[in-house]
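Please open the model in your viewer and keep the sequence panel beside it. This tour goes from one selection to the next and says what is there at each stop.

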Amino acid sequence: MTYFLRGRVLSRKWLRSPPWGSILRRAEYGMSVLVRGGSGRLCAAARRVIPCLWSGKCLSSGREPAENQVTPMLRHLVYKIKATGPITVAEYMKEVLTNPAKGYYVHRDMLGEKGDFITSPEISQIFGELLGIWFISEWMATGKNAAFQLVELGPGKGTLAGDILRVFSQLGSVLKNCDISIHMVEVSEKLSEIQALTLTEEKIPLERNAGSSVYMKGVTKSGIPISWYRDLHDVPKGYSFYLAHEFFDVLPVHKFQKTPQGWREVFIDIDPQVSDKLRFVLAPCVTPAEVFIQRDEIRDHVEVCPEAGVIIQELSQRIALTGGAALIADYGHDGTKTDTFRGFCGHKLHDVLTAPGTADLTADVDFSYLRRMAEGQVASLGPIKQQTFLKNMGIDVRLKVLLDKSDEPARQQLLQEYDMLMNPKKMGERFNFFALLPHQRLHGRSHPMNTCQSKPSVSPVAGFGELAWR
Ligand code: SAH
């Protein structure tokens, strides 16, 4: 398989030795003047009047993409920057990825061989099957609630949900009295269409009622009600299992560089030397997003994702209130990495500022930040490596069952897929699993369903501890 994984550790020179040094050197001139527009925004006028305050650098990339391709998104961003001044990296990511008219995610299918990147559920059915078992295991461990919602954030093509639902059907005897519903949080019209086809085998029309927060509604092949929303806030509250696979890495990040004058945010501006070209610049003064940087931060370059914090807080409140769990899988780090913002197009690295709207943009997830955002409300587990999690979930046993049932070419395929998921140099160590659970799930206070038990039993959380055969 020659697919490029978004989670791959990059060996490009500028990622090992980030380019911020030269920005920093130039930024040192003129740092004494702080300029702010109304409502805290850095204003365009300031950039024009004292251009030396904005110091910039163009990044090089692994491959030279369609040189200076003036995409509709680039045109839109150039107008925007001319009108209101340089934009934060977070604003750039949000516009490029999810702008309702021109956003990268909104109108295309970017997953798979013909797309820009491939993900674990697209590689092997075993991945989704083991996650399906994880949810059933948590449902059983917490008292077999009479109903649960499975809520997926950023469901891609619906492949992962499809594999999970197949497990739910196969374990129908265990789940037979449980009222299950599926809730998809997806901003992409194109992908939600594909998800509906995968899961219901139907093209579902968009809801016409403008007041409704559900924009599509149907029934899965196995007869489970399924609904689509644009925002997690719109999903009904209730006992739920939340799933986010390669979702948090596409949320917008703010980037900061430490300078002798303190933290300065990285912005995106128009290159004054070349028309229709963007470049990174460093803000001349403190910007509002600086509040997200930890006081005791020791790195000299950081990426922070406030949107991820908001979503984690919402998930935590919901889980604390109504029970359930969240399983988050992504590539990332535990508060150690610095510059991870990168682009992918056609399974290759892509300069993040070139031909915006034609390539995926992503940044590693900072799990230490997610953990902090959940603190107080719920307990968290992980991050642990994908290789460890899948092993603990019994991937070897499942592989053996499939190998025993397969002929030679299919066996080779299964082994290659396993290698892709588990090999530390491929996805095994780059991807992490992280879970949010109600405090009582880990600390042994009895669940409301189990109050009749004299001594509450706390079963280990599957995947996060070694698999024990009984
Ligand atoms: N989970 C899938 C797809 C990952 S790609 C897989 O692993 O195969 C990221 C997904 O998140 C896409 O479905 C994209 O449309 C969706 N997405 C991106 N930004 C989003 C946002 N702000 N809200 C909801 N979905 C979003």
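Helices (H or I, at least four residues) and strands (E, at least two) are DSSP runs, numbered from the N terminus. This is a predicted model, in which local features need pLDDT of at least 70 and side-chain atom pairs count only at pLDDT 80 or more, while totals for chains, interfaces and linings use all residues. Residues are numbered from 1 along each chain as its sequence is written, and side-chain values use heavy atoms, with hydrogens and water left out.

Begin by selecting P383, which belongs to strand 17 (residues 379-385). The peptide bond that leads from G382 to P383 is cis, and its omega is near 5°.

Next, select the ligand and show the residues near it, where near means that a heavy atom of the residue lies within 4 Å. There are 17 residues around the ligand, and the closest are T119, G154, G156, E186 and H245. Which polar contacts can be picked out here, if a polar contact is a pair of N or O atoms within 3.5 Å (within protein, one must be able to donate a hydrogen and the other to accept it, and residues adjacent in sequence count only if both atoms are side-chain atoms)? A ligand oxygen is 3.0 Å from a polar backbone atom of G156, an oxygen of the ligand is 2.5 Å from an N or O atom in the side chain of E186, and a ligand oxygen is 2.6 Å from an N or O atom in the side chain of H245. Of the 570 Å² of accessible area that the ligand has on its own, the protein covers 94%, with areas taken from the Shrake-Rupley method with a 1.4 Å probe and, for residues, only the protein chains shown counted as cover.

Move on to E246, in the loop between strand 7 and strand 8. E246 is not a glycine, yet its phi is positive, about 50°. Is E246 buried or exposed? Buried means under 20% relative accessible area, exposed over 50%, and partly exposed in between (1.4 Å probe, protein chains only); E246 is buried because its relative accessible area is 7%.

F248 lies in the loop between strand 7 (240-245) and strand 8 (254-259), and it counts as buried because its relative accessibility is 3%. Show its contacts, meaning heavy atoms within 4.5 Å: leaving aside neighbours within four places in sequence, F248 is in contact with A308, I311, I312, I328, D330, V365 and L370. Although F248 and L370 are 122 residues apart along the chain, their C-alpha atoms are separated by 9.9 Å.

Now select D364, in the loop between strand 15 (360-362) and strand 16 (365-366). The side chains of D364 and K337 are joined by a polar contact of 2.9 Å.

The next stop is helix 7, which is mostly covered, since twelve of its 17 residues are buried. At its N-terminal end S124 acts as a cap, with a side-chain oxygen 3.1 Å from the backbone nitrogen of I126. After helix 7 comes G143, with a positive phi near 105°.

Finish with helix 15 (residues 408-422), whose buried residues are L414, E417, Y418, M420, L421 and M422. These buried residues pack against helix 6 (120-123), helix 7 (125-141), helix 13 (386-392), helix 14 (395-405) and helix 16 (424-428).
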